[in-house]
Structures are given as C-alpha cells and as structure tokens.
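Got your viewer open? Let's take a walk, one selection after another.

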Protein chains: 2
Amino acid sequence: MRRAGCAGRDVVARLLNLLVQHPHIDRTFAALADPTRRAVLERLGRGSATISDLAEPFAMSLTGMKKHVRVLEDAGLVSTEKVGRTRRCTLGPRRLEDVAAWVDMYRRMLDERLDRFGQMLERTKGDPR
Amino acid sequence: MRRAGCAGRDVVARLLNLLVQHPHIDRTFAALADPTRRAVLERLGRGSATISDLAEPFAMSLTGMKKHVRVLEDAGLVSTEKVGRTRRCTLGPRRLEDVAAWVDMYRRMLDERLDRFGQMLERTKGDPR
C-alpha cells in the first residue's frame, strides 16, 4: 500500500510536470485523432491552401472542413489568415515536440520493461525448478 | 484546379494506406488525449495494478477509473484480467509504432518545408531586388 502511494505521488509529479511543460498536448492528441485532420496537415505540408482546396478531395462541405481547421488551429497546428473572401491555411509553428517526447518516453519505458523481463528470465534459467 | 485535384488524390491514397496499415491509430490518439490516461500508462509501465491502485493517486472513483481503463483497452494499450474480485491491468502489446511513425513522418515533412524555405532564401540572396 505504501509503495502504491509513493508510485502515485511520482505519477502525479510527472503528470504536473508534463502539463506545465506542454499545456497543448491534450488538444494536440485530440486534434490528431481524426484521419481527415491528419490528412489536412499532410496536405498543408506541401503548401498553404484555402478551406475549399482542403474540402475538395474529401467531398466535404465548407462548414465541415472549417470545423476541422478550427480544431487544428486551437491546437496550434494550423494558422489561418483571411485574404479577401477566402481563408488561407498554413501549418502552424508547432513541431509536435511534446507529442514526440511523450511517445519516445513511452517506448523507452516499454523497452526497459522488456529488458527487465529478459533479465528475470536469464536469472531463472539456472534455477533447478 | 488541376493541381489541387492531383494533390487531393495523393492525400486520399496516403490516408487510405494509413487506415489499412494502422486501423487503431484514431482510437490511440483519442486515448492519449487525456492526462489521466497517459499517467495510467506511465504507472503500468512500472508494473501491473488493480483499478483501485490506479484510482487512488487521482482521488478518482472506481467507476471513473474503469471508464478510462476501458478506453485504453479498446485502443489496445492496456490488457485487463479478472483475478478473483479485482481486475488486474497490464500494458497491452502495442508499442505505439503507428503513432511514432506518423509523428516522425510529420516532423520530417516540416523539416523538408523548412529546407525548401532556406533554399529559396539562398537563391533570392543574389537577387538585385
């Protein structure tokens, strides 16, 4: 019980640290949880586009695409600018550092767990049972 | 207009490819969009735990934690097993390969865009205007 309590405080400390460092990470993960929004980012990687340009390949309404772009804008992934009667979309300045760091940390953690498991197997190899 | 159409087909092809390769990626990004769920994964990286163990550090109800664990389970990130009257949670087998691959692809794309921008600046340097 005591150990679980300590582990809990550790989790909360890391969590608070992550929140302070990366206040956008929740919104970023949520923004990336949709295939249309990920495809929009890939499209904008090849150059800026209007809402109509973005909507066309998906046969999507302008209203529907505007909503997706708004989610990406709120996550800091896309910047938009009104140019005459159209809205020009470009990739925002964020490089997904926070997401990449979290995913790397998680994968390292899994590797360490696998290493520990391997070491345990190695140790028990000589065990007569 | 013609170019936008071609770019659109390219986007759709890449999107379909990604969906076929990684059917879980939407659910994974959505599961990771919550700080409690990310902290649960970090906690499980240090060993299996019951729902009560997981709920305790967050002062969360068992029902609330069960919901979070279910979302992680649906995304394949956590496995659970009923042991007597408790439910034992462990990390699932998924290593976030799909998420890591997408994030890497996106970051490479941003770097290429920056390189192109740098080359453009370099070319215009000698420009008398």
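Which residue in S3(B) stands opposite B:Ala49? Select B:Ala49 and look across: the residue facing it is B:Cys89. Before going on, a word about what is on your screen. This is a predicted model, in which local features need pLDDT of at least 70 and side-chain atom pairs count only at pLDDT 80 or more, while totals for chains, interfaces and linings use all residues. Residues are numbered from 1 along each chain as its sequence is written, chains are lettered from A and ligands numbered from 1 in the order in which they are written, and side-chain values use heavy atoms, with hydrogens and water left out.

**Stop 1: the sheet in chain B**

Stay where you are and select residues 49-50 of chain B, strand S1, together with residues 86-91, strand S3. Strands here are DSSP runs of E, at least two residues long, and helices are runs of H or I, at least four residues long, both numbered from the N terminus. S1 and S3 of chain B pair in the antiparallel sense over 2 bridges; two strands count as paired if DSSP finds at least two bridges between them. Strands of a sheet pair through backbone hydrogen bonds, either parallel or antiparallel.

Now add residues 78-83 of chain B, strand S2, which runs antiparallel to S3(B) and is joined to it by 6 bridges. Click B:Val78 and you'll find its bridge partner, B:Leu91. Then click B:Val83, whose partner in S3(B) is B:Thr86. S2(B) and S3(B) form a hairpin with 2 residues between them. In the turn, select B:Gly84, which has a positive phi of about 60°.

Zoom out a little: in chain B the 3 strands make an open sheet in the order S1-S3-S2, with antiparallel pairing. S1 and S2 of chain B are the edge strands, each pairing on one side only.

**Stop 2: an alanine in a loop, in each chain**

Select A:Ala59, in the loop between helix H4 (51-55) and helix H5 (62-74) of chain A. Its phi is positive, about 50°, although it is not a glycine. Most residues other than glycine have a negative phi. Is A:Ala59 buried or exposed? It counts as exposed, at 77% relative accessibility; buried means under 20% relative accessible area, exposed over 50%, and partly exposed in between, with a 1.4 Å probe and protein chains only.

Hop over to B:Ala59, in the loop between helix H4 (51-55) and helix H5 (62-74) of chain B. B:Ala59 has a positive phi of about 50° too, and with a relative accessible area of 75% it is exposed.

**Stop 3: a nonpolar patch on chain A**

Next, select A:Phe117, A:Met120 and A:Leu121, which make a nonpolar surface patch of about 300 Å². Patch members have over 30% relative accessible area and no salt bridge, and nonpolar side chains (Val, Leu, Ile, Met, Phe, Trp, Tyr) are joined within 5 Å; a salt bridge is a side-chain nitrogen of Lys or Arg within 4 Å of a carboxyl oxygen of Asp or Glu. Areas come from the Shrake-Rupley method with a 1.4 Å probe. A:Leu121 lies in helix H6 (residues 97-125) of chain A and is partly exposed, at 45%.

**Last stop: all of chain A**

Show the whole chain: chain A has 6 helices and 3 strands. Of its 129 residues, 41% count as buried. Finally, colour by pLDDT, the predictor's confidence in each residue, from 0 to 100. Chain A averages 83, but over residues 1-6 the pLDDT is below 50. Where pLDDT is low, the predicted coordinates should not be read in detail.

Technical notes
Contact means heavy atoms within 4.5 Å. Patches are made of residues with over 30% relative accessible area and no salt bridge: like charges are joined within 9 Å, nonpolar side chains (Val, Leu, Ile, Met, Phe, Trp, Tyr) within 5 Å.
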